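Hi,

Here is the structure I promised to pass on. Have a look at it first, and my notes follow underneath.

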Amino acid sequence: MSLRYAASTLASPWLAVGALVLLAQSWSSDQFMTGELLLAADNTALLVMLAGPVLAGVSAFDAARHFSPSRVGIFSRAVARRRESAWLLLWAAGPTAATFSVATAVRVAVELSKHGHTAGLPSAVVTVLLQMAALVFFASLGVLVGRALPPIIAGVVGLLVGYGVTILGAGQRGVRFGPLDLGGASVSRLGLDLSPSFIALQGAILLAVPLTVVLAASVVPPAMDQRMRRATVGLGILGLLLVAPVPGLPPSRWVPEPSPPSSCSGETPVVCTYPEHVRQAQLAEAQIRLYADALQREGISALVPQSVQEISRTYAPGGDAGTRSADLSHYDDTVEARRSLVYDLVTPVHCPQLVADTAPSDAYFDIVDRLALTFAHVADPSVEATLWPTEPMTADEAEAAIDLLWACDFA
């Protein structure tokens, strides 16, 4: 099947144009350009899962037209059915998958050029490859449906099958394996990495289904009713495999990597951040030093950190006196970001009560609110104006409150 023939007779290759528009609209803002290569690639999964069912529907329409009863004689031989299914699959998934992968690669390259840290590059490449495999998977579902139904009905059924498989195949993160759990993160992935066992099994399934669909064409007879029965059986088996509680499968695509931040600078406080967040760190570090100087001048030394460590999804500093933490993944020096930073600097993230099933008492939140207000009252009036009005603490009260919190002595 030549390029000219495919472009003039198939609808599915033209989905690449829609994919390009979708990508451009989604990435017109700098929302997820945070310096993390894995996050930049993983976020594209949201768009892949939107495009996948549509691709299944359109490829089903194309396949139905090519395997229509009027062309039975052309595809009476198994080799012809296999060859035509393979070409349909190639032209259905190829242009859209290429568009997504190239656009995501450009996005990752821009992140790399801005920040120059390659730690997440291998995982980002694997993520892009899995997204391409997922689009091939969706196109193969369309080919399977289209071989058994008339064009219009095939398009509708293919779309519904695509959405159904998306829901079933997503699994339950941390509970049940899902071959269509492609990620789609919108928050930092620092502290996490791809699970090799999950990714290997996922890739095998996503590629095995298209291969099976093409090879199954050799045993599909030209009679329409038999094709429908075989397609129904195939989709039923696939559905059972997606929801079957098979023991021993990895339940999550992520594994923890609780590494401490490695880029440290300054003295009193020493500020340690992750190299992926160099842009955010430069803004936050300057603000932290302004805060420390202002608090020191006012004599509220209990609130002056000796060190500040950036946290990740799986790493938080211990409860050493004078050690504070901050989440800088989206820090941009706005009033909202500085308010979050102030709260971070008075929150004892090492305390088990903060991750327990039962929330801490109201007394804990009252103490944190007063500490944050005291901090902002001295160091950042613009943040103070956004906080719940209460009384700032004296230097002695702040010292007692910090000692209480860092000892995790609260209900």
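Before anything else, a word on burial: I call a residue buried under 20% relative accessible area, exposed over 50%, and partly exposed in between, using a 1.4 Å probe and protein chains only. Bear in mind that this is a predicted model, so local features need pLDDT of at least 70, side-chain atom pairs count only at pLDDT 80 or more, and totals for chains, interfaces and linings use all residues. Residues are numbered from 1 along each chain as its sequence is written, and side-chain values use heavy atoms, with hydrogens and water left out.

The overall picture

The chain has 14 helices and six strands; helices (H or I, at least four residues) and strands (E, at least two) are DSSP runs, numbered from the N terminus. Of its 411 residues, 49% count as buried. Contact here means heavy atoms within 4.5 Å. Among the contacts in the chain with a separation of 6 or more, 76% are between residues 24 or more positions apart.

S85 and P210

Is S85 buried or exposed? S85 has 0% relative accessibility, so it counts as buried. You will find S85 in helix α5, residues 78-115. Apart from neighbours within four places in sequence, S85 touches F67, V143, R147, V214 and A217.

One of those partners, V214, is also on the list of buried residues in α8, together with F198, I199, Q202, G203, L206, V209, P210 and V213. As general background, an α-helix has 3.6 residues a turn, so residues three or four places apart point the same way. Helix α8 runs over residues 196-216, which makes 21 residues, and spans 30 Å from its first C-alpha to its last. That is close to the 30 Å expected at 1.5 Å a residue, where the expected span is 1.5 Å times one less than the number of residues.

P210 is worth clicking on while you are in helix α8. P210 counts as buried because its relative accessibility is 4%. Which residues does P210 contact, leaving aside its neighbours within four places in sequence? They are L89, V136, F137 and S140. The C-alpha atoms of P210 and L144 are 9.2 Å apart, with the two positions 66 residues apart along the chain.

Two helix pairs

F137 turns up again in the packing of α6 on α7. Helix α6 (residues 121-146) packs against helix α7 (residues 151-169) at about 140 degrees, and their axes are 9 Å apart. Axes are lines fitted to C-alpha atoms, for helices over the stretch in contact, and angles run from 0 to 180 degrees between N-to-C directions. Angles under 35 degrees count as roughly parallel, over 145 as roughly antiparallel, 65 to 115 as roughly perpendicular and the rest as oblique. So α6 and α7 are oblique to each other.

The α6/α7 crossing is right-handed, meaning that the near helix is turned clockwise from the far one by less than a right angle (anticlockwise would be left-handed). On the α6 side the contact has F137, F138, L141, V145 and G146, and these meet A154, V157, G158, V161, G162, V165 and T166 of α7. By type, the residues of this contact are eight nonpolar, four polar and no charged. Here Ala, Val, Leu, Ile, Met, Phe, Trp, Tyr, Cys and Pro count as nonpolar, Asp, Glu, Lys and Arg as charged, and the others, Gly among them, as polar.

The other pair is α10 (residues 278-297) with α11, whose axes come within 12 Å and cross at roughly 60 degrees. These helices are therefore oblique to each other too, and α10 passes α11 in a right-handed crossing. Q287, I288 and Y291 of α10 meet R338, L341 and V342 of α11. This contact divides into four nonpolar residues, one polar and one charged.

Around α11

S340 sits in α11, which covers residues 335-344, and counts as partly exposed because its relative accessibility is 43%. The C-alpha atoms of S340 and D327 are separated by 8.4 Å, and the two are 13 residues apart along the chain.

D333 is in the loop between β6 (323-326) and α11. With 28% relative accessibility, D333 counts as partly exposed. Its phi is near 70 degrees, a positive value in a residue other than glycine.

Backbone oddments

C408, in the segment after α14 (395-406), has a positive phi of about 55 degrees although it is not a glycine. Where is P269? P269 lies in the loop between β3 (263-265) and β4 (270-273), and the peptide bond leading from T268 to P269 is cis, with omega near 10 degrees.

Cheers
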